[in-house]
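Dear colleague,

Please find below the structure that I am passing on to you. I would be grateful if you could read the notes beneath it with the sequence and the coordinates at hand.

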Amino acid sequence: MSIVTVQLGQCGNQIGFEVFDSLFSDSHCSQGLCSKRENEAYQASCKERFFREEKNGIPIARAVLVDMEPKVINQTLSKAAQASRWKYGQHACFCQKQGSGNNWAYGYSMHGPRHEESIMNLIQKEVEKCDSLSGFFVIMSMAGGTGSGLGAFITQKLQDQYSNSLKMNQIIWPYGTGEVIVQNYNSILTLSHLYRSSDAFLIHENDVVHKICAKRMNIKQISFSNINQVLAHQLGSVFQPTYSSEGSFHYRRNPLGDLMEHLVPHPEFKMLGVRNIPQMSENSLAYSTFTWAGLLKHLRQMLISNAKMEEGINWQVRPPLSGLPPLGKMSVNKELHFNTSIANLVILRGKDVLSADVEAFKDPALYTSWLEPVDAFSVWKTQRAFNKYEKCAALVSNSQFLVKPLDMIVGKAWNMFASKAYIHQYTKFGIEEEDFLDSFTLLEQVVASYCNV
């Protein structure tokens with residue numbers, strides 16, 4: 001089954017390019033550490049999901065590119081053309097001459113209705129080229145105007161028009177220090193609208209990815225391209241093919257459906273995060289060896305202590321009631337930092353993967369009381385290595401990991417709203433104070449629900 005990707009705004013288009021490039025590079029990598037037959041099956045499965053083929057054999061990304069300014073789309077198209085390994089469809093782009101000025105209301109209320117027909121027609125043409133549609137993957141940021149405002153509008157229209165197909169939004173969470181003065185407004189409006197129309201969000205925090213670039217990849221001058229490559233690696237490690245079941249060597253057909261089924265047991269809880277291990281520069285990788293036991297021990301501790309990367313894991317945090325003696329006087333406070341999960345999916349790729357033991361992730365103490373671990377935990381595997389890593393693990397988690405950042409964004413937005421700062425920029429494009437209040441109410445409910453799991 002195929003996934004149609006919708007790349008929205010500067011952020012969505014730049015990340016989208018890196019994702020397709022990473023998927024293509026990995027599926028054509030000669031270092032797959034598996035048999036030729038298995039490699040061919042993996043390639044065919046990846047192609048079915050993300051690419052279609054022209055008569056001349058060149059893979060075409062199953063994607064629609066949307067931005068309200070032409071510059072980034074032109075750059076994205078030319079980068080794909082220069083690499084000449086794969087490309088975007090000839091008529092898969094929509095752009096205008098005037099951006100959204102970092103104003104969510106302008107993207108949602110003006111650009112959305114004005115260009116709805118053209119954009120939805122492009123998406124429909126891409127859908128018609130799929131033999132079987134798994135759903136939509138929408139890549140967008142939530143701080144600016146086009147990605148966030150138009151992104152929320154288009155996701156709503158996808159829900160109206162393709163109600164039986166799954167929608168997953170990949171959202172870039174803005175830097176805490178702030179990129180745009182009104183980013184907290186844009187963020188709460190985006191999240192609250194998507195909560196009504198999307199099936200799940202895969203969230204990446206800019207601050208976290210920036211740290212991974214600095215501390216794990218050893219990059220001194222970090223560019224957006226570096227950040228986007230780390231994001232693409234993480235997304236590829238989730239979406240590339242895996243076996244459909246334990247002991248099977250057939251690849252699963254419905255990646256979005258399987259992800260949702262395992263990770264979103266209730267519509268109130270749809271925020272997913274990704275952690276990868278190992279993540280390091282190619283130079284370091286050449287001198288490193290890993291065991292599944294070591295990788296999974298680190299990954300589990302990253303999960304329960306809410307560490308977003310290997311650097312700085314707090315090994316003091318333990319699951320409550322796990323039967324272990326408390327660690328000194330700190331333990332009462334530490335339990336407050338324990339990250340409770342609703343559902344987890346571990347994806348293992350590489351050498352000796354069938355021998356990897358994931359029992360520690362089935363501990364009931366890791367999960368909310370209303371789901372049995374047998375329903376809350378899943379594991380996907382393939383012997384096919386990913387992106388030159390002999391062994392690698394990804395954890396997609398529906399947990400309390402975003403409670404603090406979400407609470408902070410809602411709090412900052414509320415402080416601005418209480419003093420009526422910049423509200424006029426939204427009301428003049430039809431977003432009323434009532435809309436803000438609805439957004440606050442919905443997101444405060446989400447925070448409360450996640451706190452109480």
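The notes below describe strands, a helix residue, empty spaces and some backbone details.

Please keep in mind throughout that this is a predicted model.

I begin with a small sheet. It is open and has three strands in the order 2-3-5, with mixed pairing. Strand 2 (51-53) and strand 5 (87-88) are the edge strands; each has a single partner strand, so one side of each is without a neighbour in the sheet. Between strand 2 and strand 3 (residues 59-61) the pairing is antiparallel and runs over three bridges. Within this pair, Glu53 is placed opposite Pro59 of strand 3. Helix 2 (residues 36-50) lies across strand 2 and strand 3, and its direction makes an angle of about 95° with strand 2.

Helix 2 also contains Asn39. Is this residue buried or exposed? Asn39 has a relative accessibility of 16%, and because buried means under 20%, Asn39 counts as buried. Its side chain makes a polar contact of 2.6 Å with the side chain of Arg384. Apart from neighbours within four places in sequence, Asn39 is in contact with Cys29, Cys34 and Arg384.

Strand 4 (residues 63-67) deserves separate attention. Five of its five residues are buried, so strand 4 is largely enclosed by the rest of the structure. Ala63, Leu65 and Asp67 point one way from the strand, while Val64 and Val66 point the other way. Strand 4 pairs in the parallel sense with strand 1 (residues 2-8), over four bridges, and Leu8 stands opposite Val66. Strand 4 also pairs in the parallel sense with strand 6 (residues 93-95), over three bridges; here Asp67 is opposite Cys95.

I turn next to empty space. The whole structure holds two cavities of 30 Å³ or more. The largest cavity has a volume of about 130 Å³. Its lining includes His204, Glu205, Gln234, Arg275, Lys308 and Phe401. Strand 9 (200-205), helix 7 (206-216) and strand 10 (271-277) are the elements that give two or more residues to this lining.

The largest pocket contains about 1,000 Å³ of space. There are 33 residues in its lining, and those nearest its centre are Asn306, Lys308, Phe401, Lys404 and Pro405. Helix 6 (183-197), helix 7 and helix 14 (403-418) each supply at least two lining residues. Helix 14 gives the most, with six residues. Lys308 and Phe401 are listed in the lining of the largest cavity and also among the residues nearest the centre of the largest pocket.

Finally, there are some backbone details to report. Most residues other than glycine have a negative phi, and most peptide bonds are trans. The peptide bond from Ile277 to Pro278, however, is cis, with omega near -10°. Pro278 is located in the loop between strand 10 and helix 10 (282-285).

Lys388 has a positive phi, near 70°. Lys388 is in the loop between strand 12 (377-382) and strand 13 (391-399), and is partly exposed, with a relative accessible area of 43%. Lys420 likewise has a positive phi, of about 60°. Its place is in the loop between helix 14 and helix 15 (424-427), where Lys420 is partly exposed at a relative accessible area of 45%.

With kind regards

Key:
Residues numbered from 1 in each chain as written. Predicted model: local features only at pLDDT ≥ 70, side-chain atom pairs only at ≥ 80, totals over all residues. Heavy atoms only, no water. Pairing = 2+ DSSP bridges. Contact = heavy atoms within 4.5 Å. Axes fitted to C-alpha atoms, helices over the stretch in contact; angles between N-to-C directions. Buried < 20%, exposed > 50% of the residue type's maximum accessible area, 1.4 Å probe, protein only. Polar contact = N/O pair within 3.5 Å; in protein donor to acceptor, adjacent residues only side chain to side chain. 1 Å grid on protein atoms, 1.4 Å probe; cavity = no way out; pocket = protein on both sides within 12 Å on 5 of 7 lines; lining within 4 Å. Points joined across faces, edges and corners; volume = space filled by probe spheres on them.
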